[in-house]
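Biologist: I am new to this structure. Please take me through one part of it closely, the aromatic rings and what surrounds them, and then show me how that part sits in the rest of the chain.

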Amino acid sequence: MRANSLKTLAIVVCIFFFTSNLSGMFLPVYFQDLGLNVAEIVEILLFTFIVIGLLPLILLKFVKNFERIMMFGIFSTILFYIVLIYIKTPYFLGLTYGLSIATFWPSFNLLQFRLSESRIRARTLSLFSSIIPSLASIVGPAVGGFTISNFGFPTLFTVSIILYFIAFFFSIRLEFRPETHEFSIPKKGIFAIFFLSFIFLGLSEAYWLAYPFFVHKVSGAVLFMGLVLSLSAILISAVTFLVNWLSDIKGTRAEFAIIGVILYALWYSLIAFASTMNQIVALSLLSGLAGAFSLSWFAHYGDSFSREDYASILVLMEVGLMIGRILNLAPTYLLMSEASYSSYFLLLGVVSLFLIPLYVLSKRNR
């Protein structure tokens with residue numbers, strides 16, 4: 001049953017992430033094309049982050065079959081794309097964007113944790129959270145950029161809606177299990193370390209606004225932006241599974257996560273001075289390696305708690321990320337308004353280094 005559910009989940013994830021990659025990185029450009037300024041786009045993200053962080057807590061409290069929410073998450077994503085076509089109000093865009101993410105990702109992450117064993121957890125998480133999305137992003141951005149350039153955003157959003165419906169019909173075949181434990185905050189001291197780490201991880205994210213704007217600025221057009229993202233994804237996909245296979249074999253979760261932080265800090269320091277498409281693509285190998293090593297931290301998170309705690313710790317993870325992402329909006333607004341990409345990336349590189357002592361501390365408290 002577990003093997004069948006993993007195969008079905010793989011199909012759903014392939015369709016879902018291919019569709020998401022058609023337009024996901026282009027959304028900031030679309031918001032800009034709507035006439036929204038940086039402050040209004042930041043407003044969208046503020047409402048998005050609040051919903052992502054708080055809604056899963058509420059759902060876990062009142063919905064017994066938390067895993068099944070993933071199906072609604074696909075429907076809410078369809079709703080978001082319909083809203084994109086017809087509505088330009090920032091707070092409404094943010095609320096529906098947050099709803100689509102908040103009802104898909106926590107339940108999807110719960111399925112990953114429950115369907116994977118510790119001995120292969122890093123490989124399983126890398127497959128569903130990194131490799132499949134990366135493979136989807138090889139074709140998705142190029143197709144999306146071509147579609148936007150020739151037919152416009154509304155056509156791309158319409159195609160996306162159809163594909164999300166297909167993903168939903170496959171999700172019906174998944175085996176979902178009801179929750180047997182109520183929401184609770186784990187008593188283990190290591191949870192505080194994980195929670196603080198997620199705040200810093202949220203604070204050091206650049207892909208919501210700055211990185212898409214930066215790639216668009218350097219590439220000069222949506223079509224070329226899609227090609228740059230696709231070429232980058234080829235390099236990223238090539239290294240991810242190997243790194244996480246080694247993580248499973250050697251059991252070096254925290255050590256790999258530390259390597260990931262160092263590589264991300266190095267990537268931020270170099271991308272800050274990139275000025276051509278070729279440089280962005282070349283540096284994507286570094287960010288791909290960083291992401292591959294960093295994913296071991298989430299495998300370590302699953303290994304550190306019992307399966308009964310998975311739903312609670314996953315929604316709490318979203319709360320930590322929410323806090324970090326909201327804090328990140330301040331430098332996003334201040335530096336993106338001035339198009340000061342180098343300062344922004346260098347700042348995030350420094351912030352990411354604060355994760356290293358937390359990762360070291362986790363080894364002593366497990």
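Modeller: What follows starts with the whole chain, moves to the rings, and then goes outward. Keep in mind that this is a predicted model.

First, the frame. The chain has 17 helices and zero strands. It counts 366 residues, and buried residues make up 58% of them. Take the contacts between residues at least 6 apart in sequence: 86% of these join residues at least 24 apart. The accessible surface comes to about 14900 Å². Carbon and sulfur atoms account for 69% of that surface.

Now the rings. The structure holds 43 aromatic pairs. A pair of aromatic rings is described by two things, the distance of the centres and the angle of the planes. Start with Y81 and Y164. Their ring centres are 5.4 Å apart. Their planes stand at 50 degrees, so this pair is tilted. The tilted class lies between two cut-offs, because planes under 30 degrees apart count as stacked and those over 60 as edge-to-face.

Where do Y81 and Y164 lie? Y81 is in helix α4, residues 69-86. Y164 is in helix α8, residues 153-171. The two parts are 83 residues apart in sequence, so the pair ties them together. Are these two tyrosines buried or exposed? Y81 has 4% relative accessibility, so it is buried. Y164 has a relative accessible area of 1%, so Y164 is buried too.

A second pair offers another geometry. F104 and F108 form a stacked pair. Their centres are 5.3 Å apart, with 20 degrees between the planes. F104 is buried, at 1% relative accessibility. F108 is buried as well, at 0%.

F17 leads on from both pairs. This residue sits in helix α1, residues 2-23. At 6% relative accessibility, F17 is buried. Leaving aside residues up to four places away in sequence, F17 touches W105, F108, F128, I132, P133 and A136. So F108, a member of the stacked pair, is among the contacts of F17. F17 can also be placed against Y164 from the tilted pair. F17 and Y164 are 147 residues apart in sequence. In space, their C-alpha atoms are 9.6 Å apart.

Helices α4 and α8 appear again at the surface. F72, F75, F165, F169 and I172 make a nonpolar surface patch of about 480 Å². Each of α4 and α8 supplies at least two residues of this patch. I172 lies in the loop between α8 and α9. I172 is partly exposed, with 47% relative accessibility.

Next, the nonpolar interior. The largest nonpolar core holds 82 residues. Which of them touch the most other members? They are F31, L84, I271, I280 and F345. F31 itself touches L36, I41, I44, L84 and L93, not counting residues up to four places away in sequence. L84 is thus a contact of F31. Another core lies apart from this one, with 29 residues. Among its members are F113, F191, L201 and L355.

One charged pair completes the interior. The structure holds one salt bridge. R325 forms it with E205, and the closest N and O atoms are 2.7 Å apart. R325 is in helix α15, while E205 is in the loop between α9 and α10. The partners are 120 residues apart, and the pair links distant parts of the chain. Both ends are covered. R325 is buried at 8% relative accessibility. E205 is buried at 12%.

N328 belongs to this setting too. N328 sits in helix α15, residues 310-336. At a relative accessible area of 5%, N328 is buried. N328 touches G202, L203, E205, Y344 and L348, again not counting residues up to four places away in sequence. E205 is therefore a contact of N328, as well as the salt-bridge partner of R325.

One last stop is A339. This residue lies in the loop between α15 and α16. A339 has a positive phi of about 55 degrees, although it is not a glycine. At 42% relative accessibility, A339 is partly exposed.

Note on methods
Residues numbered from 1 in each chain as written. Predicted model: local features only at pLDDT ≥ 70, side-chain atom pairs only at ≥ 80, totals over all residues. Heavy atoms only, no water. Helix = DSSP H or I, 4+ residues; strand = E, 2+ residues; numbered from the N terminus. Buried < 20%, exposed > 50% of the residue type's maximum accessible area, 1.4 Å probe, protein only. Contact = heavy atoms within 4.5 Å. Phe/Tyr/Trp six-rings, centres within 6.5 Å; stacked < 30°, edge-to-face > 60°. Patch = residues over 30% accessible without salt bridge, like charges linked within 9 Å, V, L, I, M, F, W, Y side chains within 5 Å. Areas by Shrake-Rupley, 256 points an atom, 1.4 Å probe, with all protein chains shown as cover. Salt bridge = Lys/Arg side-chain N within 4 Å of Asp/Glu carboxyl O. Core = buried A, V, L, I, M, F, W, Y, C linked by side-chain atoms within 4.5 Å.
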